[in-house]
Every structure is written in structure tokens, then in C-alpha cells.
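User: I work mostly at the bench and would like to learn how to read a structural model step by step. Could we go through one together?

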Amino acid sequence: MRIFALSDLHVDYPENLAWVESLSRSDYTGDVLLVAGDISHDEPLLCRAMEVLRPRFRAVFFVSGNHDLWLRDSGYEDSLAKFYALMERCRALGIETRPQRADEGGPWIVPLQAWYMQPHEGEGSLFVEKQGEDPELGMWADKRAVRWPQFDGHSGPAAYFLSLNDCDVTDDRQYPVITFSHFLPRPELMFWTEQEFAATGLPPLDPQPRFNFSRVAGCRKLDEQIRSLNACLHVYGHQHRNRDRLIEGVRYVSHCLGYPREREQGRVRGVEGGPLLVWQQ
Ligand SMILES: [Fe+2]
């Protein structure tokens, strides 16, 4: 049994939908796929991608990303209503959205719902100061495409989504635990190491000098949940910068398909071979 990681499919780009449709129908039928969010804001397209993926794998797990909860002309009252509707639709398509064992004798797979915590929301933000940034996040489309209801009893969307995660589910501690989320759990994951950056061959230029991604990257509480679940591996997406790092005993892997222009520029790398193999037993 093998487990593969993938995220940020963004199938509203025809090239990306074609990439998903081109995945082998026979290579993965005994395997598990973790999809760490951002399939599409367009619900019919998101379902189409799920219908393409589902029969190619023995099981497909999913957590939603920020793009999946964009409202645009979806007809939903708010992004939380869309979240619950999407989870239902995924389950109806045979997609797993709740914790369960990957296989008899295999590891636990625990989807972790989350959102990013912005710096004004408190200490759980992954915010890192950046010279010359636009603190209003003018170019961040979530500002226009996401709308929340009142979160009674929660400080905001991050706290609300984290409260949905059951961190006691794997209590028996007999089996390895693999968690996955769309958002980032730790600030150091946002930045290339010198070695990683050198391998890209990119010029040392910031493509978006006014945009400070750390404002919308993720939240620290996610990492607390990963560690209280005793996970050995965490898969995430969101930034479109692929990583594979061991930090304080946990392996963090990001394998985003990203946008076609990011692949052309070399900012998203390593996806030519399909989803990334992250576990085998
Ligand atoms: Fe994305």
C-alpha cells in the first residue's frame, strides 16, 4: 500500500485539468491519495476532478483550501455554507473527509481543517514582517471572494475550523499517524533554504514585492494539533512552493501542482511525475 500527496490542482486552468485526467488509470488502484485543497472555486469543476481521481485510487482523502471556498456566483450564503456543502458532495462521490485508517495494519490518515490566522487575530499567525509590503493585502482575492458568518464562540475562521478536528481519534498509538491540511503549520516552511533556492536556478528577485504571504499562510495551532496527534508526516499545500523537510521529528511535505506559469518559471517544481509518493509499506 502506497500513499501519495497532491494539492493545489487549480483545475480551472485547462492544462491542469488535462494533467489530472492524464494520470494513469492502472498504476494507483491499490493506493491512497491525499488532496490537500485548492481544486477549484468552481464546484462543478471540483466535482469533475474528484470523479476523475476517485476510480484511479483505492481511496482519495480531501481537505478544502481557500480557493475551494470562494463564493463568486456560487449561490451560497457564505463560505462556511459552501464548506459544509462541499464536504457532503465529496462524501457522496466516495471521497474521504474524516479521519480513518488507510488500510488494515496501515497508518491513520487525519484530515485537518484549518484557515489562516492574520496578524491582527493574535499570536497564532505565521506573520513575518516584510519591508515595503501592502498591509491591506490589496491583491489577495480571498478579500473579495470569501465571506464568513459570525463565528459565535470562536475568534475567527482559523479557530472555528481547528475546533472541528478531533485530536483524540488516534489514541491507541499503535499505528503511525499521517495528517494533512491545506494551510501551513510552521513559519519556516514559507522560505526556501539556500540550497533549495540554488537548485531552482531562479534569479534572486521577489516576484511580488508588495505581497506578504505570511499574513495568509496558515496558523501555529495546526502544528500543535499535528504534534498532539503524534503524526510522523504532514502533507500541506497553499503556497505553491514544494518542500520536503524533517523538522523536530515530523516530515513536512508539500506537492502542489500550482499554476501553469509557476511551473514554466520554475517556481513550482517536481510535478512532472504525478502525485508524490510519501509512504509505502
Ligand atoms: Fe492554491
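User: What percentage of the 281 residues in the protein chain is made up of buried residues?

Analyst: Before the answer, please keep in mind that this is a predicted model. A residue is called buried here if 20 or more other C-beta atoms lie within 10 Å of its own, and by that count buried residues make up 41% of the 281 residues in the protein chain.

User: How does the radius of gyration of the protein chain relate to that of a compact globule?

Analyst: The idea is to take the value expected for a compact globule with 281 residues, which is near 19 Å, and to set the chain beside it; the protein chain has 18 Å, which agrees. Along its principal axes, the C-alpha trace spans about 50 × 50 × 40 Å. Contacts add to this picture, since one can ask how far apart in sequence the partners lie: among contacts between residues at least 6 apart, 79% join residues at least 24 apart.

User: How many helices and strands does the protein chain have, and in what order do the strands of the six-stranded sheet lie?

Analyst: There are eight helices and ten strands in the protein chain. To read a sheet, one follows the pairing from neighbour to neighbour, and here the six strands form an open sheet in the order β4-β5-β6-β7-β9-β8, with mixed pairing. Its edge strands, each pairing on one side only, are β4 (100–101) and β8 (243–247).

User: Which residues stand opposite each other or are bridge partners within that sheet?

Analyst: It helps to walk across the strands one pair at a time. Strand β5 (residues 108–111) runs parallel to strand β6 (residues 177–180), to which four bridges join it, and isoleucine 109 stands opposite isoleucine 178 in β6. The pairing of β6 with β7 is also in the parallel sense, over three bridges, and histidine 234 in β7 is the bridge partner of threonine 179. On the next step, β7 pairs with strand β9 (residues 250–254) in the parallel sense over four bridges, where tyrosine 252 in β9 is the bridge partner of histidine 234.

User: Are the side chains of strand β7 buried or exposed, and which way do they point?

Analyst: In strand β7 (residues 233–236), Leu233 and Val235 point one way while His234 and Tyr236 point the other way, and all of them are buried.

User: What is the order of the strands in the four-stranded sheet?

Analyst: That open sheet has the order β3-β2-β1-β10, again described as mixed in its pairing, and its edge strands are β3 (59–62) and β10 (276–280). Neighbouring strands of this sheet are turned by 25° against each other on average, direction ignored. Strand β2 (residues 32–35) pairs with β3 in the parallel sense over four bridges, and leucine 34 stands opposite phenylalanine 61 in β3.

User: How should I read a single helix such as α3, and which of its residues are buried?

Analyst: One can begin with its length: helix α3 (residues 79–92) has 14 residues and reaches 20 Å from its first C-alpha to its last, close to the 20 Å expected at 1.5 Å a residue. Its buried residues are Ser79, Lys82, Phe83, Leu86 and Cys90. They lie on the same side of α3 because they cover an arc of only 105° around the axis. On the other side, Tyr84, Glu88 and Ala92 are exposed.

User: What do the buried residues of α3 pack against, and which residue follows the helix?

Analyst: The buried residues of α3 pack against α2 (43–53) and β3. The helix is followed by glycine 94, whose phi is positive, near 85°.

Notes:
Residues numbered from 1 in each chain as written. Predicted model: local features only at pLDDT ≥ 70, side-chain atom pairs only at ≥ 80, totals over all residues. Pairing = 2+ DSSP bridges. Helix = DSSP H or I, 4+ residues; strand = E, 2+ residues; numbered from the N terminus. Buried ≥ 20, exposed ≤ 12 C-beta atoms within 10 Å, placed from the backbone. Axes fitted to C-alpha atoms, helices over the stretch in contact; angles between N-to-C directions. Expected span 1.5 Å × (residues − 1). Arc of directions from axis to C-beta. Contact = placed C-beta atoms within 7 Å. Rg over C-alpha atoms; globule rule 2.2 N^0.38 Å.
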